[in-house]
Structures are given as C-alpha cells and as structure tokens.
Amino acid sequence: MGGATGSETVPRLILAAIVVLALWSHLWGIRGDLPWAYASDEGRFAVIAIRMATQGDPNPHWFGHPGSTLLYPLALLFHVGNALEAGLPLLQVDPGLAARVGGNPGKYFLLGRLISVFYAVASLPLLYAVASRTFDATTAVVATWLALLSPLALELAQMMRTDSAGVFFGLLALWLVLRVLDRPDRVAHALAGLAIGAAIGTRYFLATLVPVLLCADVVLLARLRGRREEQRRLLGATVVGLVCVGVGFALTTPYFVLHFDAVWANLGHEMREEHLGADGLGFAGNLVWYLTDALPASMPAVWLVAAAAGAALAAWRRNVAAVLVLLSIVTFLVAISTASLHWQRWLVQIVPLLAAFAASALVALARALAALLPSARRLEVALVVLLTVVVSAQPALAYFRFSAQQAIPSTRIVAREWIEANLPPGSTIAADLYTAPLHDTQLHADYHFSLAADGDLEDYRKAGYDYVMISDAIYRRYLRERRRYPREVAFYETLLKNGRLVKRFTPHEVGRGPTISLYALRESPVPQDTR
C-alpha cells in the first residue's frame with residue numbers, strides 16, 4: 001500500500017492499534033456455544049470441507065455462494081490440524097478425519113472460525129487503504145474505527161461463513177480498481193481483474209465490481225480524449241482486466257464449469273423464492289427494506305446521515321474515486337434487491353464503505369469548524385477526535401458489550417444444562433430449531449424447522465412426545481406475518497398463552513440467545529414455571 005511518509009506514520013500507528021483491538025474483540029467470544037451448538041450454515045461448510053480433506057478431493061461439489069475462498073482454506077486447515085493431532089505426514093490423506101472431527105467438533109469448528117476472523121481483521125487495513133486513496137489518511141483512520149464497531153460484522157466473523165471473506169476480497173478488489181486510476185496499465189488491470197474474480201468466487205453478488213472497473217476505465221478514456229494511441233493502450237488493458245476477472249474466478253473456483261448441474265441446483269436453492277421471514281417483497285420492496293429497515297438496524301442513524309452527507313459532498317467535489325466507491329455500494333444494493341430473499345447480513349459487504357463516507361463527513365465538518373478559528377491545524381485534529389468520540393461512544397460501548405456477551409453461554413446452552421439436569425431420562429421432546437441442543441444426553445429430541453409447520457399439538461401428543469420446545473427465533477417470524485401463516489400463528493399463540501410451561505430461558509436473564517420455552521404435553525414431574 002505504499003511506503004509511509006512522516007504525515008502517515010501516526011495514522012498507521014492508530015490503524016495498528018485498531019487492528020489489535022479488533023483481533024482481541026473477535027477472538028474473545030469466538031468459541032460461542034461450541035461444541036454443543038454452532039451457527040447457521042456452519043455445518044454445511046464443515047461437512048463439505050471435511051469431505052474434501054478426507055477424500056483428498058479438491059472438488060467441493062457445492063457452488064452455492066460459491067464460497068471457494070472459505071472452503072479451500074477450511075479443508076486445508078482441517079487436513080493440517082488432523083495431521084498434527086494424529087501424528088500423520090502432512091501430505092497423507094486420512095479417511096479417519098471425519099470420525100476424529102465428530103469426536104471433537106469444537107476444536108475443528110474453532111479452527112474454521114479462525115479463518116473468518118482472519119478475513120474480518122485483515123479487512124480493516126484494506127478499508128484504510130480504500131479510504132486513504134479515496135479521501136485521506138485522517139478519514140481512513142476514522143473510517144476504520146467506525147467499521148470496527150459493527151456488531152453485525154463481529155457476529156458473522158465468529159462463524160464459518162463466507163461473509164467476512166466477501167468483505168475482504170471485495171475491499172481488496174475495490175482498492176486495486178482505485179489504483180487503476182493512478183496507474184492504468186495492464187499490470188494494474190490484471191491485478192484488479194484477478195481480485196474481482198476471487199471476490200466473485202467468494203460471493204456471486206460481488207460481480208457488481210465489474211461495472212466499477214469499467215467505469216474507472218470510462219473516466220480514464222475521457223481524460224485521454226484526443227490521444228488515440230494512449231486510448232488504444234487503455235482499451236487493451238481493459239480487455240486484460242476483464243479476461244483476468246474470468247481467470248481469477250477460475251483459479252478460485254476451478255470446478256465451476258465442470259459441474260453445471262450442481263451449480264444450477266445450488267443456485268436454485270440459494271435463490272429460492274420462499275424462506276420464512278425473508279421473502280415476498282419483490283425488487284422494490286427489498287430495496288426499500290434494505291434502506292429503511294436493514295441499514296438502520298446495521299448502523300446508527302447519525303452514521304447513515306453522515307454517510308449520505310459524505311457521499312453528496314464527494315459528488316459535489318467531483319471526487320472520482322469516491323464516486324466509484326459509491327457506485328460499488330449502489331450496484332451491490334440493486335443486485336441483492338433483485339434476489340427473491342432479503343437478509344440483513346448481506347449488508348455486511350457495504351457497511352465498511354458507508355463508514356468511510358460517514359468518516360469523510362465528520363472530518364470535513366471538523367475542518368470547516370477549525371477554519372473559523374485560530375490555530376486551525378491543532379484544532380482540526382482535536383475536533384476530529386471530539387466528533388468521532390461523540391458519534392461512536394455509544395456504539396463502541398454496545399459493540400464491546402456485545403463482544404463480551406459472545407463469550408458467555410447462550411440461552412441454548414443454559415437450556416440444555418437445565419433440561420438435562422431436571423427432565424427424567426428417556427423423556428421425548430419435539431423441538432424447533434434454535435432451541436437447546438440435546439445430543440449426547442439421556443433425552444430424545446426430534447428437531448423441526450418449525451413445529452407449527454409440521455403438525456398441531458395433538459399430533460405431537462399422539463406421537464408420544466412428552467414435551468415441546470419452541471424458539472422465538474422461529475415463531476416471531478410467523479407472528480410478523482399473521483395473515484400469511486394463520487395456522488402457524490394459532491399454534492404458537494395457543495402454546496404461549498395456554499400451554500403448560502415448564503421453563504423459559506430468556507436473553508434478558510442469560511445475556512444472549514433466543515427466548516426458548518419448554519412445555520409439557522402431559523403431566524410432568526417437573527414443576528411448572530408460573531412466569
């Protein structure tokens with residue numbers, strides 16, 4: 001990212017401190033509920049990576065995200081970790097890896113989460129590079145600090161998912177695209193293209209970086225108006241960049257073109273039209289939801305206002321690099337809005353970039369205020385610090401509180417421990433997902449995505465179940481869509497109002513996790529909870 005000048009030394013030292021703080025906050029609660037419970041999609045990625053390592057097969061046979069930049073490091077880490085644990089040669093394929101993981105899943109899942117943490121923490125210097133090239137070093141420091149304080153990014157970084165990898169490769173590609181503005185030769189285009197290809201090999205939606213690269217070249221062509229030879233060279237470099245997008249994708253996802261049947265099947269699932277609580281809005285509805293619901297839930301409102309002001313100011317100043325960054329945000333939002341489903345977590349890709357625009361507005365305001373007073377330079381630094389503290393104090397407290405909470409057992413584990421200690425051995429339980437994990441206990445639990453979707457209370461009684469266990473991570477989705485799911489709403493409301501409650505576990509009491517409620521379907525030897 002270039003050598004540091006004297007004026008950049010202090011910002012880079014602050015950046016280093018932020019990175020250390022980020023590493024600490026990410027590792028603090030990385031274990032979570034392991035080994036008893038793991039987060040969404042982690043099981044899928046673990047199974048694929050274990051199979052690759054166990055069979056020595058580099059073909060993942062799954063291309064849903066496509067997730068290549070997570071799956072290959074994950075398979076390698078599982079292979080190396082197993083070899084070290086079993087005392088095997090590093091190049092030897094071990095068919096016993098799956099059994100060894102099954103015997104100690106917490107250790108291997110923890111190794112996998114370290115990959116996501118690496119991507120998340122390594123993204124911060126890349127954001128600094130993007131913001132420094134787009135604005136300046138001071139803005140870059142503030143942007144990196146604001147981006148760190150994202151509970152959404154922290155939560156996703158502590159899972160074996162592709163989100164953090166997507167942020168990393170998206171920022172890397174964007175930084176290399178901005179470098180094309182300064183050095184529009186074939187090497188710069190090739191590097192930008194390769195990085196975009198790797199980003200697409202992580203998350204398909206990052207194909208939206210291709211038009212950003214093309215727009216950078218349109219700007220460069222306009223600057224070369226009348227210089228035909230240089231324009232021809234630039235067009236040649238553009239072609240090289242586009243070809244390298246394909247090369248970068250092929251290098252990270254080499255089996256994509258060989259298994260179109262798996263590709264279409266996986267994409268069909270990922271782009272399915274129905275998923276409880278995340279469907280039914282259409283393009284316009286998705287876009288409005290992202291702008292009015294998901295974004296305010298992902299960043300403080302004052303940051304969003306500052307980001308809008310920063311974007312407007314950059315456009316007014318004709319800051320080409322900032323306009324390209326803004327274009328990457330807009331195209332990404334449009335792309336995810338075209339999907340049938342909508343997820344707040346998809347916004348993790350653009351939260352750092354919005355933080356950069358918010359930081360630019362704060363720094364611009366500090367400089368404007370300092371210019372009105374004597375000793376402007378010293379006051380400018382003080383005002384930047386003051387404004388940053390004002391807008392980030394509460395989010396920082398919330399972030400570190402959230403980080404601390406990640407390190408304690410959730411309601412799912414507390415419920416497991418209580419149920420194992422208090423329910424009679426051999427009891428049978430029908431349960432929603434996101435409830436207590438009861439494997440390796442003397443209890444028998446059958447899990448459904450939603451109990452309400454698969455039967456009524458009488459069905460579960462006739463099937464011989466002693467208890468049912470529900471989670472608000474499931475039933476609140478139904479309650480938000482009463483007209484669409486009247487039967488499921490009736491099931492949960494009947495249980496919540498009239499069910500024989502045995503025990504309820506709430507995040508208010510425990511610290512984190514869903515609200516889990518255990519109900520008896522017949523006379524229970526365990527006293528009822530009267531709350």
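Student: Which residues in H8 meet H15?
Tutor: This is a predicted model. On the H15 side, the contact involves Val320, Ala321, Leu324, Val325 and Ser328. By class, the contact of H8 with H15 has seven nonpolar, one polar and no charged residues. From H8 come Leu174, Leu178 and Leu181.

Student: At roughly what angle do the axes of H8 and H15 cross?
Tutor: Two packed helices are described by the angle between their axes and the distance between the axes. Here H8 spans residues 163-182 and H15 spans residues 320-337. Their crossing is right-handed. The axes come within 10 Å and cross at roughly 145°.

Student: Is His65 buried or exposed?
Tutor: His65 is found in the loop between helix H2 (42-55) and helix H3 (68-86). Leaving aside neighbours within four places in sequence, His65 is in contact with residues including Arg44, Phe45, Tyr204 and Glu270. Buried means under 20% relative accessible area. His65 has 7% relative accessibility, so His65 counts as buried.

Student: Which helix gives the largest share of the largest nonpolar core?
Tutor: That core has 134 residues. Phe78, Leu146 and Ile196 touch the most other members. The largest share is 15 residues, and it comes from helix H5 (residues 105-134).

Student: How many residues are in the other core, the one with Leu276 and Tyr475?
Tutor: This core lies apart from the largest one. Leu457 and Ile474 are also among its members. Its residues number 20.

Conventions:
Residues numbered from 1 in each chain as written. Predicted model: local features only at pLDDT ≥ 70, side-chain atom pairs only at ≥ 80, totals over all residues. Heavy atoms only, no water. Axes fitted to C-alpha atoms, helices over the stretch in contact; angles between N-to-C directions. Helix = DSSP H or I, 4+ residues; strand = E, 2+ residues; numbered from the N terminus. Left-handed = near helix turned anticlockwise from the far one by under 90°. Contact = heavy atoms within 4.5 Å. Nonpolar A, V, L, I, M, F, W, Y, C, P; charged D, E, K, R; others polar. Buried < 20%, exposed > 50% of the residue type's maximum accessible area, 1.4 Å probe, protein only. Core = buried A, V, L, I, M, F, W, Y, C linked by side-chain atoms within 4.5 Å.
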